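Got your viewer open and ready? Load the model below, and we'll go from the overall fold down to single residues.

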Amino acid sequence: MFERFTDAARSVVKGAVVHAERADADRVTEEHLLLALLDLKGTPSSHAFAALGVTGRRASVESALAEARRRGGLTRADTDALAGLGIDVTEIVSKVEATHGAGALAGGRRPKRRWTSHRPFTRPAKDVLEQSLRVALGRGDRHIGDEHLLLALAARPGVVADVLADHGATYGALDRAFSPGPGEAKAG
């Protein structure tokens with residue numbers, strides 16, 4: 001499958017590993033893939049981010065991802081469902097952090113002493129890579145580009161899709177941003 005990846009898509013995968021290393025995370029996650037996509041310049045995903053106003057809101061995206069990590073990775077739907085049962089996630093997070101320190105629910109950190117720099121991808125991150133192939137095939141593309149990775153992230157329910165949607169980058173909005181306008185030829 002990786003032989004079908006464009007240079008930009010390969011950069012996303014490599015960049016995700018770099019983001020995981022910087023965060024001292026034990027695995028590469030969907031969040032790291034999104035951050036690597038935000039790093040790109042001059043690619044379909046960077047143009048879509050710019051068109052949707054996401055580029056200028058990177059700090060807000062990073063803050064929303066950090067807040068989700070602080071909640072232990074619970075999605076908006078998770079917190080809403082728990083609230084419906086009378087469980088206040090914000091209160092629980094505050095109590096856990098008061099006892100165990102800030103970010104206690106974030107998890108995913110490696111011990112300080114590392115024997116290897118290898119970072120495996122989480123199952124959800126691998127699923128995004130696999131989904132990107134299905135997205136590309138569904139769009140009639142012979143390659144897997146950064147745009148397919150971004151669409152795959154937006155299509156998967158979870159924190160990353162929630163953060164993208166909160167910043168105006170829903171699957172539908174992204175799909176429209178990647179579709180050629182009238183009179184334009186499809187790239188690929």
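Start with a cartoon view and trace the protein chain from one end to the other: the pattern reads α-α-α-α-α-α-α-α-α-α. That is 10 helices and 0 strands. Keep in mind as you click around that this is a predicted model.

Now switch on a surface. The protein chain exposes about 10200 Å², and carbon and sulfur atoms supply 54% of that. Of the 188 residues, 38% count as buried. If you like contact maps, pull one up too: among contacts between residues at least 6 apart in sequence, 65% join residues at least 24 apart.

**Stop 1: the core**

Hide the surface and go inside. In soluble globular proteins, nonpolar side chains tend to be buried together. Here the largest nonpolar core has 41 residues. Which of its members touch the most others? Select Leu-33, Leu-34, Phe-49, Leu-65, Leu-153, Leu-164 and Leu-174 and show them as sticks; they are the ones. Then color the helices that give two or more residues to this core: α1 (7-22), α2 (30-39), α3 (44-51), α4 (58-70), α7 (123-138), α8 (146-155), α9 (159-166) and α10 (171-178).

**Stop 2: α2 against α8**

Two packed helices are described by the angle between their axes and the distance between the axes. Isolate α2 and α8, whose axes lie 11 Å apart at an angle of about 140°. That angle stays short of the 145 degrees above which a pair counts as roughly antiparallel, so α2 and α8 are oblique to each other. Their crossing is left-handed.

For the side chains in between, select Glu-30, Leu-33, Leu-34 and Leu-37 on the α2 side. Across from them, α8 brings Asp-146, Leu-149, Leu-150 and Leu-153. Leu-33, Leu-34 and Leu-153 should still be sticks from the core stop.

**Stop 3: α3 against α10**

Swap that pair for α3 and α10. These two pack at an angle of about 115°, with their axes 9 Å apart, and their crossing is right-handed. Show Pro-44, Ser-45 and Ala-48 in α3, then Leu-174, Ala-177 and Phe-178 in α10, and you have the residues that meet.

**Stop 4: Leu-174**

Stay in α10 and center on Leu-174. Is this residue buried or exposed? Buried, with a relative accessible area of 0%. Bring up its contacts, skipping neighbours within four places in sequence: you should get Ala-48, Leu-52, Leu-150, Leu-151, Ala-154 and Ala-169. Now try a distance label from Leu-174 to Ala-51: they are 123 residues apart in sequence, but 9.4 Å apart in space, C-alpha to C-alpha.

**Stop 5: Gln-131**

Jump to helix α7 and pick Gln-131. With a relative accessibility of 23%, Gln-131 counts as partly exposed, because the buried class ends at 20%. Draw another C-alpha line, this time to Leu-153: the pair is 22 residues apart along the chain and separated by 8.5 Å.

**Stop 6: Asp-24**

Finish in the loop between α1 and α2, where you'll find Asp-24. What is its phi? Positive, at about 55°, although Asp-24 is not a glycine. Check its cover as well: Asp-24 is buried, with a relative accessible area of 8%.

Technical notes. Residues numbered from 1 in each chain as written. Predicted model: local features only at pLDDT ≥ 70, side-chain atom pairs only at ≥ 80, totals over all residues. Heavy atoms only, no water. Core = buried A, V, L, I, M, F, W, Y, C linked by side-chain atoms within 4.5 Å. Buried < 20%, exposed > 50% of the residue type's maximum accessible area, 1.4 Å probe, protein only. Helix = DSSP H or I, 4+ residues; strand = E, 2+ residues; numbered from the N terminus. Contact = heavy atoms within 4.5 Å. Areas by Shrake-Rupley, 256 points an atom, 1.4 Å probe, with all protein chains shown as cover. Axes fitted to C-alpha atoms, helices over the stretch in contact; angles between N-to-C directions. Parallel < 35°, antiparallel > 145°, perpendicular 65-115°, else oblique. Left-handed = near helix turned anticlockwise from the far one by under 90°.
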